[in-house]
Amino acid sequence: MQDTYTLTLSCPDRRGIVHAVSGFLLERGGNIEEAAQFNDADTGLFFMRVQFRSEQIGADELRKQLETLAGPFDMRWQLHALAQPMRCVIMVSREGHCLNDLLFRWKSGLLPLDIRAIVSNHRDFYQLAASYNVPFHHVAMNKADKAQTEARQMEIIDGEGAELVVLARYMQILSDDMCRKLSGRAINIHHSFLPSFKGAKPYYQAHDRGVKLIGATAHYVTAELDEGPIIEQDVARVDHTYTVEDLTAAGRDTESQVLARAVKWHSEHRVLLNGHKTVVFK
């Protein structure tokens, strides 16, 4: 695994990109194990993810030489070594289903993460964190000085070198400044009733209206509340026999699964931003 990499790139679409990339890797002893590409006719952009093995050249030298490939194509690119799990901080409030699911999947080897810390505005899950030997930070929300609270949160995130921040039902709105600092590396999860059933107790509202579908959306965090680029969504069918508790349980299961898929794809470098949308190479 030490010599296996993922290369992701995007650039204006033109002929010869795949040939140039594969030729570049071949000349440096690269053996392509997985490749995917997408041409967006609406934006004129080309997206590509390549997983390859190379025993002839190291990551630092590869990055230097990739600059020569990228220039003529005006490429935006990233190179990652698969042996390095993604450093991650999880933020949570008082609903622990997504947190518990992520921790279990991580400990089971199903997520290529290095979970460095859990940050919460409540103390509810410090024992859960301890059972997984993950540092737990209680950062109470200072309503009179939200900037102070977020400064402490960012101190933890930056101190852990987090490449990914997961809002696993963290029920506080991030400031525009914090959203900018976490741009492209923070994933949120919410129920898919929005823009209907806003505010508290959405499943009570849904039950009252007799909904037949419930779902969840995982997306990147932006300053526009719950409107960031969508990574994954799913739904579950329900009917008139479901109580509020049944709806809530089904919704939580869906949220956990959707968030886990989004986190997995992001940590495997399968998600590329495409303006307000994403390209996901599953």
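The charged end of K201 sits over the ring of Y204, 5.1 Å from its centre. A charge counts as sitting over a ring if NZ of Lys or CZ of Arg is within 6 Å of the ring centre and within 35 degrees of the ring normal.

A word on the source: this is a predicted model, in which local features need pLDDT of at least 70 and side-chain atom pairs count only at pLDDT 80 or more, while totals for chains, interfaces and linings use all residues. Residues are numbered from 1 along each chain as its sequence is written, and side-chain values use heavy atoms, with hydrogens and water left out.

Now to the sheet. Four strands make up an open, antiparallel sheet in the order β2-β3-β1-β4. β2 (30-40) and β4 (76-81) stand at its edges with a single partner strand each, so one side of each has no neighbour in the sheet. Neighbouring strands are turned by 10 degrees against each other on average, direction ignored. Strands here are DSSP runs of E with at least two residues, helices are runs of H or I with at least four, and both are numbered from the N terminus; two strands pair if DSSP finds at least two bridges between them. β1 (residues 4-12) and β4 are joined in the antiparallel sense over six bridges, and S10 stands opposite R76 in β4.

Two helices lie across this sheet. α1 (residues 17-27) crosses β1, β2 and β3 (45-54), running at about 20 degrees to β3. α2 (residues 59-73) lies across β1, β3 and β4, at about 160 degrees to β4. Axes are lines fitted to C-alpha atoms, for helices over the stretch in contact (heavy atoms within 4.5 Å), and angles run from 0 to 180 degrees between N-to-C directions.

Which residues of α1 are buried? They are I17, A20, V21, F24 and L25, where buried means under 20% relative accessible area, exposed over 50% and partly exposed in between (1.4 Å probe, protein chains only). Seen down the axis of α1, these residues fall within an arc of 125 degrees, so they line one face of the helix; the arc is that of the directions from the helix axis to the C-beta atoms. They pack against β1, β2, β3 and α2, whereas H19, L26 and E27 on the other side are exposed.

Finally, some backbone angles. Most residues other than glycine have a negative phi, yet the table holds two with a positive value.

| Residue | Phi | Loop | Relative accessible area |
|---|---|---|---|
| R169 | near 65 degrees | between β8 (164-167) and α6 (176-181) | 9%, buried |
| H269 | about 60 degrees | between α8 (244-267) and β12 (271-274) | 13%, buried |
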